[in-house]
Structures are given as C-alpha cells and as structure tokens.
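Me: Please take me through a few features of the structure shown below, with the reasoning behind each answer.

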Amino acid sequence: MAATLLTHNYFPNFNAPRIVSLNPFEPPNPNQSHDAVTRPRFPKPNQLRLTHSNASKTLTERSNITLMDALYSFIDSGSIDDALYLFEEMNHSDTFSWNIVIKGLVQKGLFDEAISYFHRMEFGGIRPDKFTYPFVLKAFAGLLSLKEGEKVHAKLIKVGLDLDVYICNSIISMYMKVGCVESGENVFEEMSVRDLVSWNAMVSGYQLVGDGLSSLVCLREMVSVGIRPDSFSFISSFGACSVEGCGRNGKEIHCQVIRNGFEMDPRVETSLIDMYGKCRNVIYAERVFDMIVDKNMVAWNAMVAGYASNARFYESFSCVKKMQDVGKLMPDVITMINLLPACAQTGALLMVKSIHARSIRKGFLPHIVLETALVDSYRRCGKLKLAEHVFTRIKGKNLASLNAMIAAYVHNGWYSEALELFLDIWYNSVKVDAITFASILPAYAEVTSLSEGRQIHAVVTKLGLSSSNTIISNSIIYLYAKCGDLQTTRRCFDGMVCKDVVSWNTIIMAYAIHGFGRISIQLFHEMIENSIKPNKSTFVSLLSACSISGMVDEGWEYFNSMERDYGIDPGIEHFGCMLDLIGRTGNLDQAKHFIEEMPLVPTARIWGSLLSASRKTNDIELAEAASKHALSQEHDNTGCYILLSNMYAEAGRWEDVEKIKTLMIQEGIAKTMGCSAVEKDYKVHRFVDQDGSNAEVNMVNDVMDIIVKMTAEEEDVYARRITKLRRTDLTRKKPNVPENHSVRSAISFGLISTKLGSPVLVRKNIRICEDCHNFAKRISKISKREIVVGDSKVFHHFEDGNCSCGDYW
DNA sequence: ATAGGGTTAG
C-alpha cells in the first residue's frame, strides 16, 4: 500500500474528503485548527508512509512550490518528524519554509528546537520576517526566558517591526507569560492601534499571573472602548473569576456570553463548568454541563473535578461511570488526576491504589502530574512509604513534585526527612518557590532551633516572601513562638500587612504557650474589633490560654460563648482544653463528670488530660482508670506509662513501677531520653539526662555545684529533698535522679555562655519535673536572669523566683 | 501562510 502511494500517486486528490475516525472512543484531536475541514489538505503522513530510503529522490524532483504544500500539511497534521525530514531535503532559501518549521516546533512545545532552527535561519542569512517573530516570541515565552524575549523585543524596535499590531500582541503575550506584567502593560499602552487580540492578550495575561481582578477590569475596559469580546476573552475572564473565587462576576460574564451568542462554544462551556466548580457553585456547573449536547472528554473531566473539589465525592465517581456508559468515552489520565482528591479526601486508600493500578495498566505512567497527585493522595491516606515509593520513581522531578513530597513529609511529622529533601534541593540550587517555603516552614518550627529559624526567616525575607505571603508570615510567627522568641513573634505579627484568622489564632496561641494568657485574651478581643471572624482553632488557642494561665472563670465563659455568640460547635479539642482547665483546679470529680457528660467519644488525649490532672493530687486510682482508657487506644502512649510509673514511684510502689517497666518492654516502648538544648554561636549544645560525655560538662558541673550550694543555703528544705530522693534512688538503683536531669546542666551552661541581660533559652523534649522546676525558679532569683524553658507543651518563663506557668503544667 | 484560547498536580 505504501509503495503504491509513493510510486503511482504520490500526491493524490487534494480535494478528497478528510479521513475522519469512525472510532467513537477516540477523543477529538485538540490540535485541529478550525478551518481544517475547508482547506485542501495534503494526505496525512500515516497514509503517506514517507520512508527515508526512497522518498528523497522523488521529492527533490518535484517543484519547491508543491513541496511547500507538503511541508505545510505535515506541520498542520502534527507530523513534525516527517516535516523536518522533508525540510532538510528541500532547498530552504526562503523565509516561508523556515517559518512553517518553526511554527510546527512551537506548536509541539519543542521550544528549544524552535529557537535553534531560528538561530540556524539567521546564521544562514535568511531574514526573519514579521511572521517569524510571533513564533520566536512564543517559544521564549514557553521557555520563560525573559532575557531572550527582551532581546527579540529590542531587535524588533531596531528593525521597526514593533509597530506591527500582530508583533505587538505577541510581545505583550510573551511578557505576560513570563510574568513581566509591567513590560506587557507598557507595550500595550504605547500601541497606537489596539485590536481585539491586544485586549485578549491583556485579559488572559493578567489571569495567567494570578491577577484575576485586573483581568476582569481589563475586560470591562475593552467593552467600554467599544471592543466586543469574543470567546477567547470570555474563556480568559472565567479563569480570572476562578482565581478570585468570584462566582458572582462569573455569572455576570455568563450572561454576556449568552447575549453575545457564545454559549454553544464547547470551550466556553467547559470554562464555565470549570469556573463554577472552582467558585463552589456545583449546581450551576451541573446546569451548564447538562446543557451540552455533545460532551467531550474535557467537559466530562471538568465536571469530575467540579464534584471532587467540592467534596461531592460520590458524584465525582458516578460522573466517571456516566462518562463511560452515557458518553462512551474512556477515562484518561486527567480523569485519574481529577478523581484522586476524591479518594484521598475520603481516606479511601483502596481507591487510590486502584487508580494507581489502573493507571499502570492503561500506560498512563510515567506522567509527572499524575505521579505528583499520587504522592499527595498517598500522603493524605497517611501512607508515607507509598508516597515515597512513587516519588523516588519519578523521572525528571519538577518543583511541584518536590513540593508535594516535602508537604507529605511535613504533614506526617517526618520533619527530618522533609528538611533533608529541602536542604538537598536548596544546596543544589534548584529553584524553589513560595509553596516550598510554606511547606517546609512548619518543619523548622518543629526543629525549634532559634538560629536555624532565623536563618530560614532571613532567606524568606531576602526572597521578598515574608511580607507578601500571608501563609508564610503565619508560619514564621509560629516558628518564633515555638523557638521561644516571643518578642520576635510579636514583632513579626505586628509587621504583617494582611493578617488573616490564622495569624490571629497563631499569636493567641503563642502567648498561650508562653503562659501569658491575659495577653491572649486581649488579642482575642482585638481580633473581634478588627472584624476577623473566629473559627474552631481560635477557641483552641483561647481556651488553651485560659487553661495554661489558670483563668478558670474566663475559660468557662469563652467555652460557653462559642456556640452562643459565634455559632461554633465545641469539638473534642475544645473539650480537651476544658478538661485541662478543670484539672488544674484539682477538682477531679468535676473532671470525671465532665468526661461523662461530654457529647463526644473521649479520645486518648482526653484520658491523658485526666491522667495529668490526677497526678497533681497523686490520685493513683483515677490515674490507673484514665491510663487504662488511654492505653486501649491506638496512640503514642509513652507519656502515659511514664506518668503512671512516676506516680507509683512517688507513692513508693516499686513493684508497680517494675510492672510498668516490663509492660513497656513488652510493648516495645522505650522511655524517651530527656534531652535539653541550648544554642550558642549558631551551635546547638545538647545535654542528656545522666550523661557525662558533653565537652562542657566539667565546667557546667562546677557552675552547678556553686548554684546548688547557693540554692541549698537559701532553702534548706530543698537540700533535704535531694538527700531523700538520692537515698531511695541509690537503694533501688533508680537512675531517675532529678539533680542529674539535663535541664539543669543546660541552664547552667546557658547562664555562663550567654550575654548578661538576655534570657537563657533552654529547649527540652519532655516535660520538666517538679524538682527541676523549683531549681529553675531559684536560679532565676539568684542569678537575676530570665530563664525560659520550653518543654514539649509550654514555655516556662522563670523570673525572680516565679514561673509564668503558675506552677501547674 | 502570521498573533490571542478550554480540562490536571503543588
């Protein structure tokens, strides 16, 4: 067949009807141009079967005019390889053939190749013309190379082509696509004659850079100067409405679409579905979707996404089913990508896996977007190993996939893995973006190293992200609070231009964990005055503040006001805060009663809270009951065992202590080793309980000896207490001697290694014990220094013998 | 023969 075509009828009937696929499953070819049906066409290359051995001779015998038509047909049908082959066989002394080849490459997204052909053309002495430059500009826009684009712009001014309206439109589009809005605006402003396309370039450009508002303003402006928008204008402005989440404007423009008779345009219809879906108006999206007579793949996919992104998970699945049954279309890779959030958000791991499996079977993989979606879905199901599995196999990881993996690690508490990945790409000079920082900053907050926190803050500031990006600013506030620097926390908060509800929640929580609940309350009222609507998290912050600072009456008042004044149902986390609050009053009956009366099933955190409450009065019976409940649930129960064990020890019930010890061994739970850290000169100095290996330990011991002597002299009781504990500990061979607790070494080291007048900041991984708490209070009085000890829950600000926690923690 | 456009992950 192929041979016949080549020898007998190389250029068959130009006017023959187009071969149209009869396969109803085949999606329409998106590359087809509008006028494809009317223009005489060269046969498709697959009908042509051009082979390298026998074609060249035949081809060169033909006139160049006919060859040009062939070249054009190849490009038009997307057969770039055939086109390039043919091109090489032709004498290419004319600009037109070069233009066509460059156009073909740009259409295929082969921007680098397009540029290299452009350079070859220039090098060969062929002058590019006004038709060449739009393609070249599009290629540089695609490569996001502003510099090269600017060079072309400069050259166009030089040769005087910058007055051509087509050229100008291309320049505008290039500038907008690379994100250089100002340059685009300048070109637009200076044009003497603007056509519809010039306006469309601006409307679409603004939407592209995420400035939906300017896009919509631009649309309005073009109408007001008498330019009638076309389908392109409308499609772009629907994108703008989506960006702004502005369904109201979307509806208005929808009306304009109908008035202008574009409502039957399939692309307009699809962009409408997309817009309504993104503006949380599923009903309107459905309405538009149902009106489409002949729904294509894109429309179905848009509807699937509309359901999935609006938590209508069941509908998104049934939509895929209908797509196959009614629409006679097979789900494609984009369907999979759209469907994944629906599975992941319902925690349907099996569904994620089956989509993954189906994608492998259908040959959708490798596909960077699908793989990234899989990473994200597996992490939402808490399956980090599976997320990692997909991630490590991604070839040509891009920024989005890296961001997804960093977020996956951070969301699941794998902070060191997240930091390792982040630092790896950072030190390899991989370009990162605001999303990268927004993802990694919570990990820095968990590292709780003030110097590292300052470093990352500096990086973010240098990139201009710390003031402009609210999510990042909020993370920075949280980071400083967690690192113990409340002053900087406040400074960053005050410096924020756009404070959202998260910013307020964070600052309220910051003061809460630092024990300054009064300020938290004050900030809450400030927030209300600033017309920021509180949410669930606000009350977690506020109630935590009341609990930590022992403001019982206020706590109850705010708890009761939640539903009454703000319409927020108290969740389990709020009950937890209230239980802490009750616990600190020592009224254990009330605590028990509170749990019984709770409308929600108590979690391990609730029982843990009751356990902590029972510790205060050493009510072992209650502690045992609470522990039993807590231990029956899947949870990290290390703290629970330790607390109970300590209570048994306090009561001298050593057999029970041993029992717990055996139980912990059985369960494979290791006691978390106490560790305290002090930073000096950008270095973290760690002190471990009962450890003598630290280099500074001798010096620290000397300092401690002096301090212990001073505190002992001051308060005799304290000395006696040490002796008592030491004796029992020696006889029982118990290693848990408070005077060997790392926090004391850390404080001592901090006192001699930091500047006078500045607070000593110690970070501790587990809760501080009562003895060490007393010790710290005394040192703060003697040394006249502020000592800040951040444990796993709160910050203790020791000053002049007192602690901000009011001796309850 | 030339410019502008819809669905997807972060």
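Me: Which residues of helix 7 are buried?
Reply: In this predicted model, local features need pLDDT of at least 70, side-chain atom pairs count only at pLDDT 80 or more, and totals for chains, interfaces and linings use all residues. Residues are numbered from 1 along each chain as its sequence is written, and side-chain values use heavy atoms, with hydrogens and water left out. Buried means under 20% relative accessible area, exposed over 50% and partly exposed in between, with a 1.4 Å probe and protein chains only. In helix 7 the buried residues are Ala-114, Ile-115, Tyr-117, Phe-118 and Met-121.

Me: Why do these residues lie on the same side of helix 7?
Reply: An α-helix has 3.6 residues a turn, so residues three or four places apart point the same way. The arc is taken from the directions from the helix axis to the C-beta atoms. The buried residues share one side of helix 7 because they cover an arc of only 160°.

Me: Which residues are exposed on the other side of helix 7?
Reply: Helix 7 spans residues 111-123. On its other side, the exposed residues are Asp-112 and Phe-123.

Me: Is Lys-777 buried or exposed?
Reply: Lys-777 belongs to helix 43, residues 770-783; helices are DSSP runs (H or I, at least four residues) numbered from the N terminus. Because its relative accessibility is 14%, Lys-777 counts as buried.

Me: How many Å apart in space are Lys-777 and Asn-802?
Reply: In sequence, 25 residues separate Lys-777 and Asn-802. From C-alpha to C-alpha, their distance is 5.6 Å.

Methods: Chains lettered and ligands numbered in written order. Helix = DSSP H or I, 4+ residues; strand = E, 2+ residues; numbered from the N terminus. Expected span 1.5 Å × (residues − 1).
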